[in-house]
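Here are a few exercises to work through with the model open beside you. Try each one before you read its solution.

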Amino acid sequence: MTLTNEHIKQRLVEKFGEQVSGFEEPYGMLTFEAPKEMNLKVLNFLFDEEELKFRFMTDLCGAHFPGNNGKELAVVYHLHNLVDNFRIRFKVFTDINKPDVYTASGLFSAANWMERETYDFYGVNFVGHPKLKRILNVDEMDYFPMRKKFTLEDQTRIDKDDEMFGRG
Amino acid sequence: MSRPVSYNLIKKPLETDISIADMPEGHQGEGFFATKLNNIIGLARKNSIWPLPFATSCCGIEFMATMGSHYDLARFGSERVGFSPRQCDLLMVMGTIAKKMGPVVKQVYLQMAEPRWVIAVGACASSGGIFDTYSVLQGIDQVVPVDVYVPGCPPRPEAIIDGVIRIQDLVGKESLRRRNGQQYKALLDSYGIQ
């Protein structure tokens, strides 16, 4: 049997009811969200269920929505069912002042480094992660560079030698 | 029609065919020549610089052209490109240096023996270049002292050769006492070296 978006949606709603929400299908890919406390329950359900078998994590990333009060930071999981070659996208949102999300590294080993990267750039604190430290940036960095609170470069700044770049 | 091939059409007199460095200033007479030790050491050093390429991006490609037969850096006595910092005199940093790479550049610099010189090739090594961002070092002079900057993005091989000639000029004119002086010590102290 091949999977369909409707079938997966139906199974999720049967299991979690009102708690899974925001179903949409951008470019045909099923996307939904759940409360952040639920993320492991949903991932485990998708992993274990004999029909669904989403046992491969393609990607895990963060996103910052500054206007989204109380849900500023998103953690996005891209899952892949290798048997039926089917992909879905799952999001949880968290408050930027308390960015605690349970780690998925126990379920998917691939999540280990990707959660470190998400922590590095967005400051999402993955609770239970075996080694949550910066992975790409220098250890001394004391800010999260991909958060949308940094202004663009001031074109009139003079601390760079413009002649070197033809900007003078 | 066969291709006309001919060799050595232009006869070169032997003495102009061999490149010889100019004699330093001094006094000479029959059987003796007197000059300053500085000049002799400088002459020897400047014509036998061993470069250490630290190439991270496109400027490194230009450097490969510089080392090749067309531009031929070997003409300036830099025949031997070393990949071991302990034997090299000239650190050539070519390309973008990320902040995470900064300590590596510094480590390589520390491993080089005195006297040592540094040349920053290209906009990125000189000032961060177009990468005006959180992850890129805004010029290697934030971690090591630099003697010559070569502008360009990337600079042409001629520009790199020009930089090396300027380094040669510095090397040839450097006082033997410079590296023991207070000023040099203060410079290294400002980079937290020794």
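Helices here are DSSP runs of H or I at least four residues long, strands are runs of E of at least two, and both are numbered from the N terminus. Keep in mind that this is a predicted model.

**Exercise 1. Find the cis peptide bonds that lead into Pro115(B) and Pro154(B), and place each proline in its loop.**

Solution.
- Step 1: Start at Glu114(B). The bond from there to Pro115(B) is cis, with omega near -5°.
- Step 2: Look at what flanks Pro115(B). This proline sits in the loop between α4 and β5 of chain B.
- Step 3: Move along to Cys153(B). Its peptide bond to Pro154(B) is also cis, and omega is near -10°.
- Step 4: Place Pro154(B). You'll find it in the loop that runs between β6 and α6 of chain B.

**Exercise 2. Describe how α2(B) and α6(B) pack.**

Solution.
- Step 1: Decide what to report. Two packed helices are described by the angle between their axes and the distance between the axes.
- Step 2: Get those values. Helix α2 (residues 37–46) and helix α6 (residues 157–173) of chain B pack at about 155°, and their axes are 7 Å apart.
- Step 3: Classify the angle. Angles over 145 degrees count as roughly antiparallel, so α2(B) and α6(B) are roughly antiparallel to each other.
- Step 4: Add the handedness. The crossing of α2(B) and α6(B) is right-handed.
- Step 5: List who meets whom. From α2(B) come Gly42(B), Leu43(B), Arg45(B) and Lys46(B); from α6(B) come Gln168(B), Val171(B), Gly172(B) and Lys173(B).
- Step 6: Sort them by type. The contact holds 2 nonpolar, 3 polar and 3 charged residues.

**Exercise 3. Work out which residues have the most contacts inside the largest nonpolar core, and which elements give it two or more residues.**

Solution.
- Step 1: Recall the background. In soluble globular proteins, nonpolar side chains tend to be buried together.
- Step 2: Find the centre of the network. The largest core has 36 residues, and Met92(B), Val93(B), Ile119(B) and Val121(B) have the most contacts inside it.
- Step 3: Name the contributors. In chain B, β3, α3, β4, α4, β5, α5, β6 and α6 each give two or more residues.
- Step 4: Zoom in on Val93(B). Ignoring neighbours within four places in sequence, its contacts include Phe54(B), Val105(B), Val118(B) and Ile140(B).
- Step 5: Check for another core. A second, separate one has 33 residues, among them Leu43(A), Leu52(A), Val101(A) and Tyr119(A).

**Exercise 4. Compare the settings of Tyr27(A) and Asp72(B): is each exposed, partly exposed or buried?**

Solution.
- Step 1: Check phi. Tyr27(A) has phi near 55°, positive although the residue is not glycine. Asp72(B) also has phi near 55°.
- Step 2: Locate them. Tyr27(A) is in the loop between β1 and β2 of chain A, while Asp72(B) is in the loop between α3 and β4 of chain B.
- Step 3: Count C-beta neighbours inside 10 Å. Tyr27(A) has 5, so it counts as exposed. Asp72(B) has 14, so it counts as partly exposed.

**Exercise 5. Find what Lys91(A) touches far along the sequence.**

Solution.
- Step 1: Place Lys91(A) in strand β5 (residues 86–94) of chain A.
- Step 2: Compare distances. Lys91(A) and Glu33(A) are 58 residues apart in sequence, yet 4.6 Å apart from C-alpha to C-alpha.
- Step 3: Complete the contacts. Beyond neighbours within four places, Lys91(A) contacts Thr31(A), Glu33(A), Ala74(A) and Val76(A).

Conventions. Residues are numbered from 1 along each chain as its sequence is written. Chains are lettered from A and ligands numbered from 1 in the order in which they are written. This is a predicted model: local features need pLDDT of at least 70, side-chain atom pairs count only at pLDDT 80 or more; totals for chains, interfaces and linings use all residues. Axes are lines fitted to C-alpha atoms, for helices over the stretch in contact, and angles run from 0 to 180 degrees between N-to-C directions. Angles under 35 degrees count as roughly parallel, over 145 as roughly antiparallel, 65 to 115 as roughly perpendicular and the rest as oblique. A crossing is left-handed if the near helix is turned anticlockwise from the far one by less than a right angle, and right-handed if clockwise. Two residues are in contact if their C-beta atoms, placed from the backbone, lie within 7 Å. Ala, Val, Leu, Ile, Met, Phe, Trp, Tyr, Cys and Pro count as nonpolar, Asp, Glu, Lys and Arg as charged, and the others, Gly among them, as polar. A nonpolar core is a set of buried Ala, Val, Leu, Ile, Met, Phe, Trp, Tyr and Cys residues joined through C-beta atoms within 7 Å. A residue is buried if 20 or more other C-beta atoms lie within 10 Å of its own, exposed if 12 or fewer, and partly exposed in between; C-beta atoms are placed from the backbone.
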